[in-house]
Every structure is written in C-alpha cells, then in structure tokens.
Amino acid sequence: MSYDRASNERNAIPALNLLGNTLKWHRLDDGVMGGLSETLHMVESTPTQALHFTGQINTKGGGFCSIRSPIEGGLPSDTVALRISYVGDGKTYKFLLSDGNKSTFGPSRRSPSWQADLPTNTKEETRDIALDSLIPSVIGGPVDTDAKLNPQLVKEIGFMLSLKLSNGEANPIETFGTGAFPFSLKIRSIEVVRASEVNEG
C-alpha cells in the first residue's frame with residue numbers, strides 16, 4: 001500500500017495558535033519510506049485544546065513518527081526562540097523548523113530541517129528553544145552548512161519521535177523504545193519569543 005501524504009495534508013487537524021493563526025497539523029511517518037509506524041494525533045477536549053501527538057512506533061523497517069504544520073508568512077524577523085509548553089512520557093522527541101519544501105524531510109531534500117531535542121518527563125514543562133541552538137539536518141543527520149536559519153523563511157513547524165537524536169546519534173532505548181511501542185506528547189502551547197522580550201528580561 002502506498003503512503004498517501006497528500007491525503008494526510010488534506011485531513012490536517014487545526015490546533016494551537018501561533019501569531020494569531022490556527023496551526024493545521026498533518027502527520028508524516030516512516031510509511032513515506034516503507035515503514036510501519038503510525039501517528040494518531042488529535043485535539044484534547046480541554047479548555048487549552050492541547051494537541052496530542054500520539055501513536056505507535058515500529059522499528060521494523062522504519063522508526064519515526066511526526067506531525068507538521070505550515071506557518072503562514074513565516075516568523076517575525078526578530079524571533080530568537082520558540083516557547084513550548086508540553087507534557088510527555090519520558091521519551092526524547094525532536095522539535096523541527098523548515099522552509100516547508102516538501103523534499104525537506106524526504107530522501108531528495110534540498111534544504112536542511114532545523115532540529116532540537118525535546119526531552120520529556122511526565123510533568124508539564126515549558127522550554128524556550130533558541131533558534132541559534134537548532135541543528136541543521138539532512139536525511140536524519142547533522143550537516144555542515146554555511147546556511148543560517150532566517151526566521152522569515154520558516155514555513156513549517158513540527159514535532160518528531162525518531163530513532164535518531166538531532167545530532168545524528170541513536171536515541172537511547174530508555175528515551176525512545178524498542179520494537180513496537182506507543183508514545184504520547186501533549187503540546188499545550190507554542191509562542192514566539194522576540195529579541196525585545198529577552199532584552200527587557
């Protein structure tokens with residue numbers, strides 16, 4: 001059975017607000033490369049309307065699940081970080097930004113995705129992820145590049161659970177899993193942190 005990425009995008013789930021716009025999340029799993037993992041993301045029926053990134057990883061022939069949303073118009077030029085509030089399950093996830101090129105996360109990608117590890121426990125956490133801390137990645141591993149992340153060119157945001165960390169090393173069994181296993185990351189909110197806020201602090 002072929003992996004229907006276009007259908008996943010058409011059936012995107014609206015959840016969370018960023019810069020006054022509702023983000024629309026679609027799944028992109030290792031099925032795009034023949035794997036068996038599957039995301040079952042949903043919106044929680046709570047006042048915060050949290051995005052629940054959940055599903056099952058299967059390391060036979062693959063090893064990642066992810067959710068992505070377009071960012072209309074990019075990020076403000078003075079963006080220095082993204083503030084993420086979330087509740088996890090003890091696994092280490094990855095936070096992703098890209099220019100939205102459809103090949104960015106596939107075998108023929110032409111531009112890097114920008115990644116940061118997102119360790120979790122079972123309590124609610126809030127973390128600022130600085131843009132200058134993100135690691136450029138191509139085909140699942142870090143890449144040497146002179147490219148700099150321009151906030152205004154960021155057109156896609158995402159979260160991933162993968163057998164590889166942002167630096168290309170293996171995600172340990174203790175923070176990933178082995179064989180076939182479930183996962184759960186609840187994202188409460190995403191906010192832009194601008195340079196003026198940092199300076200005022």
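A residue counts as buried under 20% relative accessible area, as exposed over 50%, and as partly exposed in between. These legends describe close-up views of a predicted model.

**View 1. Asp 128 and Arg 83 form a salt bridge between two strands.** The relative accessibility of Asp 128 is 40%, so this residue is partly exposed. Its partner Arg 83 is also partly exposed, at 25%. The two side chains meet with an N to O distance of 2.7 Å. Asp 128 belongs to strand β10 (residues 124-130) and Arg 83 to strand β7, so the salt bridge ties together parts that are 45 residues apart in sequence. The structure has 3 salt bridges, and the other views of charged side chains follow below.

**View 2. Arg 194 and Asp 78 link distant parts of the chain.** The closest N and O atoms of this salt bridge are 3.0 Å apart. Arg 194 sits in strand β14, whereas Asp 78 sits in the loop between β6 (64-70) and β7 (79-87). In sequence, the two residues are 116 residues apart. Arg 194 has a relative accessible area of 34% and is partly exposed. Asp 78, with 27%, is partly exposed as well.

**View 3. Asp 29 and Arg 27 meet in a salt bridge.** The N to O distance between these side chains is 2.7 Å. Asp 29 has 0% relative accessibility and therefore counts as buried.

**View 4. Trp 25 and Phe 159 form a tilted aromatic pair.** The structure holds 6 aromatic pairs. A pair of aromatic rings is described by the distance of the centres and the angle of the planes. For Trp 25 and Phe 159, the ring centres are 6.0 Å apart and the planes stand at 40°, so the pair is tilted. Planes under 30 degrees apart would count as stacked, and planes over 60 as edge-to-face. Trp 25 lies in strand β2 (residues 21-27) and Phe 159 in strand β13 (residues 156-162), so the ring pair ties together parts that are 134 residues apart in sequence. Trp 25 is buried, at a relative accessible area of 0%. Phe 159 is buried too, at 0% relative accessibility. Ring pairs also join Phe 95 to these residues, giving a cluster of Trp 25, Phe 95 and Phe 159.

**View 5. Phe 53 and Phe 183 form an edge-to-face aromatic pair.** The ring centres lie 4.9 Å apart, with 65° between the planes. Phe 53 is part of strand β5 (residues 51-58) and Phe 183 is part of strand β14 (residues 180-194), so the pair ties together parts that are 130 residues apart in sequence. Both phenylalanines, Phe 53 and Phe 183, are buried.

**View 6. Eight strands make up an open antiparallel sheet.** Strands of a sheet pair through backbone hydrogen bonds, either parallel or antiparallel. Here the strand order is β1-β2-β6-β13-β8-β9-β11-β12. The edge strands, β1 (13-18) and β12 (141-142), each pair on one side only.

**View 7. Strands β8 and β13 pair in the antiparallel sense.** Strand β8 covers residues 92-98, and its pairing with β13 runs over 5 bridges. Leu 97 has Ile 157 of β13 as its bridge partner. Strand β13 also holds Phe 159, the partner of Trp 25 in the tilted ring pair.

Conventions
Residues are numbered from 1 along each chain as its sequence is written. This is a predicted model: local features need pLDDT of at least 70, side-chain atom pairs count only at pLDDT 80 or more; totals for chains, interfaces and linings use all residues. Side-chain values use heavy atoms; hydrogens and water are left out. Rings of Phe, Tyr and Trp (its six-membered ring) pair if their centres lie within 6.5 Å; planes under 30 degrees apart count as stacked, over 60 as edge-to-face and the rest as tilted. Helices (H or I, at least four residues) and strands (E, at least two) are DSSP runs, numbered from the N terminus. Buried means under 20% relative accessible area, exposed over 50%, partly exposed in between (1.4 Å probe, protein chains only). Two strands pair if DSSP finds at least two bridges between them. A salt bridge is a side-chain nitrogen of Lys or Arg within 4 Å of a carboxyl oxygen of Asp or Glu.
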